[in-house]
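Me: Please give a close account of the aromatic side chains in this structure: what surrounds them, how they are arranged, and how far they are open to solvent. A single connected description would suit me best.

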Amino acid sequence: MKSAAPPPLNALRAFEAFARHGGMTAAAAELCVTHGAVSRQVAALQDHLGVVLVVGPRHRLTLTPAGAELAQRLTGAFSTISDAVEAARWDERREIEISCLGTFALKWLIPRLPGFMALHPEIRVRVSESYAPIDFARSPIDGAIRIFNPGQTAKRSEVTPFLPQYQGPVGAPSVTPHGLTIEAMGRLPRLHASTFRESWAVWSELVGVRLPAAQSREFQHNNSMIEAAAAGLGVAIVPWAFVAPDVQAGRLVAPFGFAERPSQFVFLRPEGRPDASVDAFRDWLVAEGSVSPPPIPSTGPGD
């Protein structure tokens, strides 16, 4: 018979950790208990509720529909409890962690953060750098900034576009002087980052040009690639948001301007997890994106 009493908190915590990690071993490591302890807690929770939450062989358990719904609700509930504890610990100041593309964080987000802090002194923002796909069920972060293509979605996430995406070639003034032709640029070394090796092909198709084969130099991250371009090692295709300060300062030159891409910078937050602090950060991003200076107009490679 189904008990009217609430189930033990430890059993709920063990089940939520198992569901979030997708396995007993990872859940046990998070909770600092044994694999068997987690398994017994999950079994006890099922007995207490009188509901089957997991099915399958012992080493390949999966959630039933009832188990998936309970896990989703528990994740939100435990997050709310964690937020309440943090608020009490930090004198009611809330800290949120935002996962962000590294170069975007350095060149666009962090220079603007003082404005957010002035508007919301009660909210602390911790920025962590990552390019990985987001799964809020498996990650403790509160929000993320990524680049999404039209129609792209993320599981269990609310997606809010806040900044258009523009791309174009940039180089040092000595390498890309005024009046540079597309033919001359085509003979220069092409820089790209390992996170977006197809940058030159995408830009060429976007603006409708064909470039001959040329020497290529690869860098692990966009920030290193941008520094290489500024040092005169070649020309890089980069988002305007990554190089706006360098172009405006004259450290880099954009000989053909920047063309708009269909993709956009978006903010991701957990779906169905109320959080006023994360909402405030999202709304601030949208406002900042609306007043962010647009790139210099593209003259077009053929002009």
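Reply: The charged end of Arg190 sits over the ring of Trp200, 5.5 Å from the ring centre. This geometry, like everything below, belongs to a predicted model. A second arrangement of this kind involves Arg13, whose charged end lies over the ring of Phe78 at 3.9 Å from its centre.

As for rings facing rings, the search of the whole structure returns eleven aromatic pairs. One of them joins Phe242 and Phe265, with 6.2 Å between the centres and 55 degrees between the planes, a tilted arrangement. This pair bridges distant parts of the chain, since Phe242 belongs to helix H9 (residues 240-248) and Phe265 to strand E10 (residues 259-270), 23 residues apart. Both Phe242 and Phe265 are buried. Another tilted pair consists of Phe281 and Trp284, with centres 5.6 Å apart and planes at 40 degrees. Here the two partners share helix H10 (residues 276-291); because they are three residues apart, about one helical turn separates them. Phe281 has 0% relative accessibility and therefore counts as buried, the cut-off being under 20%. Trp284, at 5%, is buried as well.

Phe242 and Phe265 also take part in a wider grouping: together with Phe104, Trp108 and Phe162 they form one aromatic cluster. Within this cluster, Phe162 merits a separate description. Phe162 is located in strand E6, which covers residues 157-170. Its relative accessible area is 6%, so Phe162 is buried. Which residues are in contact with Phe162, once its neighbours within four places in sequence are left aside? The aromatic members of the list are Phe104, Trp108, Phe265 and Phe267. The list is completed by Ile145, Val266, Leu285, Val286, Gly289 and Ser290. Phe104, Trp108 and Phe265 thus appear both in the contact list of Phe162 and in the aromatic cluster. By way of a longer distance, the C-alpha atoms of Phe162 and Arg261 are 14 Å apart in space, while 99 residues separate the two in sequence.

Returning to Arg13, the neighbouring helix H1 can be described briefly. Helix H1 comprises residues 9-21, and its 13 residues reach 18 Å from the first C-alpha to the last, close to the expected 18 Å. Buried residues in H1 include the aromatic Phe15 and Phe18, along with Ala11, Leu12, Ala14 and Arg20. Just after H1, Gly22 adopts a positive phi of about 80 degrees.

Terms used: Residues are numbered from 1 along each chain as its sequence is written. This is a predicted model: local features need pLDDT of at least 70, side-chain atom pairs count only at pLDDT 80 or more; totals for chains, interfaces and linings use all residues. Side-chain values use heavy atoms; hydrogens and water are left out. Helices (H or I, at least four residues) and strands (E, at least two) are DSSP runs, numbered from the N terminus. Buried means under 20% relative accessible area, exposed over 50%, partly exposed in between (1.4 Å probe, protein chains only). Contact means heavy atoms within 4.5 Å. The expected span of a helix is 1.5 Å times one less than its number of residues. Rings of Phe, Tyr and Trp (its six-membered ring) pair if their centres lie within 6.5 Å; planes under 30 degrees apart count as stacked, over 60 as edge-to-face and the rest as tilted. A charge sits over a ring if NZ of Lys or CZ of Arg is within 6 Å of the ring centre and within 35 degrees of the ring normal.
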